Amino acid sequence: MTLPTEIIPSDASALFDALKPADCLLLDCRTEEEYSIAKIAKSKLIPMQEIPGRLDELEPWRQKRLVVHCHHGVRSLRVSKWLREQGFDNAQSDAMDLKFYIPFLCGGGDLPLSYITKVFV
């Protein structure tokens, strides 16, 4: 079964609740500067331009679930499609704009994954 290219935030949240961290990765493809301002807890930062050279870091998730996110969704969609071309068939883009998370961030720092569903429910 082929997964959709994008995953909605409520489904992503349920996925992270159901699976162990070793079975699912939230990949942040924004820049280090963007990540330092606001990030989702337990996400792994690999800026989009660095992913080809750091693909070996993603190898443990080749056959597992991999959700990619960025600020507006454009980079994450490009990255998830590229990862699928590299054999990461379960890569999906988070179909959400990070700006919706920002009201929950008080001066930066980690945003709990639980806020994903609170924003959209």
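Here are some numbered notes on the sheet, the salt bridges and the ring contacts in this structure.

1. First, a caution: this is a predicted model. Please read everything below with that in mind.

2. Start with the sheet. Five strands make up an open sheet with parallel pairing, and their order is β1-β6-β5-β2-β4. Which strands stand at the edges? They are β1 (6–7) and β4 (44–45); each has a single partner strand, so one side of each is left without a neighbour in the sheet.

3. Next, have a look at β2, which covers residues 24–28. On one side, β2 pairs with β4 in the parallel sense over two bridges. If you want a residue to find this pairing by, take leucine 27, whose bridge partner in β4 is lysine 44. β2 also pairs with β5, again in the parallel sense, and here there are five bridges. Leucine 25 is a handy marker for that pairing, as it stands opposite leucine 66 in β5.

4. Are the residues of β2 buried or exposed? The strand is mostly covered, with five of its five residues buried. In a regular strand the side chains alternate between the two faces of the sheet. In β2, Cys24, Leu26 and Asp28 point one way, Leu25 and Leu27 point the other way, and all are buried.

5. Now for the helix on the sheet. Helix α3 (residues 74–85) packs there, touching β1, β2, β5 (65–69) and β6 (91–94). Its direction makes about 175 degrees with that of β6.

6. How many salt bridges does the model have? The count comes to six. One of them joins glutamate 34 to arginine 75, with the closest N and O atoms 2.9 Å apart. Glutamate 34 lies in helix α2 (residues 32–37) and arginine 75 in helix α3, so this pair ties together parts that are 41 residues apart in sequence. As for accessibility, glutamate 34 counts as buried at 18%, while arginine 75 is partly exposed, with a relative accessible area of 23%.

7. Lysine 44 turns up again here. Its side chain meets that of glutamate 57 in a salt bridge, at 3.3 Å from N to O. The pair links distant parts of the chain: lysine 44 is in strand β4, glutamate 57 is in the loop between β4 and β5, and they are 13 residues apart. Both ends count as partly exposed, with 27% relative accessibility for glutamate 57 and 26% for lysine 44. There is a wider picture too, as Lys44, Glu50, Arg54 and Glu57 are linked in a network of salt bridges.

8. Arginine 62 deserves a point of its own. It forms a salt bridge with glutamate 59, where the closest N and O atoms are 2.7 Å apart. The charged end of arginine 62 also sits over the ring of phenylalanine 88, 4.3 Å from the ring's centre. Arginine 62 is partly exposed, with a relative accessible area of 21%, and glutamate 59 is partly exposed as well, at 39%.

9. Last, the rings. Besides phenylalanine 88, have a look at tyrosine 35: lysine 39 lies over its face, at 5.5 Å from the ring centre. And how many aromatic pairs are there? The count comes to zero, taking a pair to mean ring centres within 6.5 Å of each other.

How values were computed: Residues are numbered from 1 along each chain as its sequence is written. This is a predicted model: local features need pLDDT of at least 70, side-chain atom pairs count only at pLDDT 80 or more; totals for chains, interfaces and linings use all residues. Side-chain values use heavy atoms; hydrogens and water are left out. Rings of Phe, Tyr and Trp (its six-membered ring) pair if their centres lie within 6.5 Å; planes under 30 degrees apart count as stacked, over 60 as edge-to-face and the rest as tilted. A charge sits over a ring if NZ of Lys or CZ of Arg is within 6 Å of the ring centre and within 35 degrees of the ring normal. Two strands pair if DSSP finds at least two bridges between them. Helices (H or I, at least four residues) and strands (E, at least two) are DSSP runs, numbered from the N terminus. Contact means heavy atoms within 4.5 Å. Axes are lines fitted to C-alpha atoms, for helices over the stretch in contact, and angles run from 0 to 180 degrees between N-to-C directions. A salt bridge is a side-chain nitrogen of Lys or Arg within 4 Å of a carboxyl oxygen of Asp or Glu. Buried means under 20% relative accessible area, exposed over 50%, partly exposed in between (1.4 Å probe, protein chains only).
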